[in-house]
Amino acid sequence: MDELRTKYLDAIGGAADEAALEDIRVQAVGKKGEVALKMRELGKMTPEERQVAGPKLNALKDEINSAIAAKKSGLADAALDERLRTEWLDVTLPGRPARQGSIHPISQVTEEISAIFGDMGFSVAEGPQVESDWYNFDALNIPPHHPARQEFDTFYMHRDTTIEGGDNRPPHVLRTHTSPVQIRAMEKTGAPIRVIAPGRVYRSDYDQTHTPMFHQVEGLAIDKDISMANLKWTLEEFVRAFFEIDEIELRFRASHFPFTEPSAEVDIRCSWAGGTLKLGEGDDWMEILGSGMVHPKVLQSAGVDPDEWQGFAFGLGIDRLAMLKYGIPDLRAFFDSDLRWLRHYGFSSLDVPTMRGGLSR
């Protein structure tokens, strides 16, 4: 036993790593180790011999196990010391400045709108910003004499008269709304369909509440048996979720749009008491969007049979919604590229709108 003690204690002391230590443990006290084999010989001894040899073998086994545990702990401490030596960090160094970039309110509100309608089953559709006169006006039942088709309201692209037939080619415009995307989406997928179409649009106007380029989102739902009641519920749920106010009341006023029939302007109940706008309370009303049932001629233009399918459409200004929700007084500030303004009204890149986590934090 003294020879076994000396043999294994020396081996344990010279082990260079945990793998070598494990090999020593198996050789000494494993099921087929030398100490284990010695303990099996106790059955061949006389009772008197077992009384002497048994305690000594148990003591040897405990001593070897204790030496292995101590060595293992020492190896772990040495490994930690080496790691700390090579992975040190000088905490007195100055920290890196936080990133200064911010998400523009228009981008944030667009994501909020997409999250809400996405939860209702709407997908996002996109289209070109330079549109043909047919997609922008004719397919949407806007007649040639309509004021929206005049140059004081619409940006027309220059026609190349140097090429043959240039004067006779259909004109192109900077789209005045994202409704052409609805036509393209119906042409591509047919009915039924539920899409929203956010994006930039262009009109010849510029003041505190209008800019030549701004942002809109159009919504379209085509199916069988869709009614104004479905439109009313959809808009109420959207407004309630977007402004994060449960007590929201909308008012639908009869109106006229060439691409919907019947058509309705939508107002939201509000209060201007004390010069502060409060939504969902008070005796005032504020217009926020236009809507209606899709005109049968629009469905025909997109290749959808109006005798079988019907649906609703709506359009609202993303910039206006951002101003209302986040208290931005001047629309022109959206496009000034003022970093001070963006730091004040901008959003963190990690502030991703979700219906579960919240739209804005």
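Right after helix 10 comes Gly327, a residue with a positive phi, near 65°. The helix that leads up to this glycine spans residues 318-326 and, in this predicted model, is mostly covered, with seven of its nine residues buried. Those buried positions are Ile318, Asp319, Leu321, Ala322, Met323, Leu324 and Lys325. The list takes in an Asp and a Lys along with Ile, Leu, Ala and Met residues. As for what they pack against, the partners are a mix of helices and strands: helix 5 (105-119) and helix 8 (228-243) on the one hand, and strand 4 (193-202), strand 5, strand 9 (284-294) and strand 10 (310-317) on the other.

Strand 5, one of those packing partners, covers residues 213-223 and carries Glu218. This glutamate is a bit of a curiosity: Glu218 is buried, yet has no salt bridge. The nearest side chain of opposite charge belongs to Arg203 and sits 6.2 Å away, which means that Arg203 falls outside the 4 Å cut-off for a salt bridge. What the Glu218 side chain does have is a polar contact with the side chain of Ser179, at 3.1 Å. Leaving aside residues up to four places away in sequence, Glu218 also touches His177, Thr178 and Gln182, the run Val195, Ile196 and Ala197, and the pair Phe314 and Gly315, with Ser179 again among its contacts.

Ser179 brings helix 7 into the picture, as that helix spans 179-189. Between helix 7 and strand 4 lies a loop that holds Pro192, and here the backbone does something worth a look: Ala191 and Pro192 are joined by a cis peptide bond, with omega about 0°. Another cis bond runs from Glu261 to Pro262, again with omega near 0°. Pro262, however, is placed in a strand, namely strand 7 (residues 260-271).

Back to positive phi values, this time in residues other than glycine. Glu244 has a phi near 55° and is found in the loop between helix 8 and strand 6 (250-257). With a relative accessible area of 44%, Glu244 is partly exposed. Ser337 is a further case, its phi being near 60°. Its place is in the loop that links helix 10 to helix 11 (339-345). At 70% relative accessibility, Ser337 counts as exposed, whereas seven of the nine residues in helix 10 are buried.

Conventions:
Residues numbered from 1 in each chain as written. Predicted model: local features only at pLDDT ≥ 70, side-chain atom pairs only at ≥ 80, totals over all residues. Heavy atoms only, no water. Helix = DSSP H or I, 4+ residues; strand = E, 2+ residues; numbered from the N terminus. Buried < 20%, exposed > 50% of the residue type's maximum accessible area, 1.4 Å probe, protein only. Lys, Arg positive; Asp, Glu negative; His and termini not counted. Polar contact = N/O pair within 3.5 Å; in protein donor to acceptor, adjacent residues only side chain to side chain. Contact = heavy atoms within 4.5 Å.
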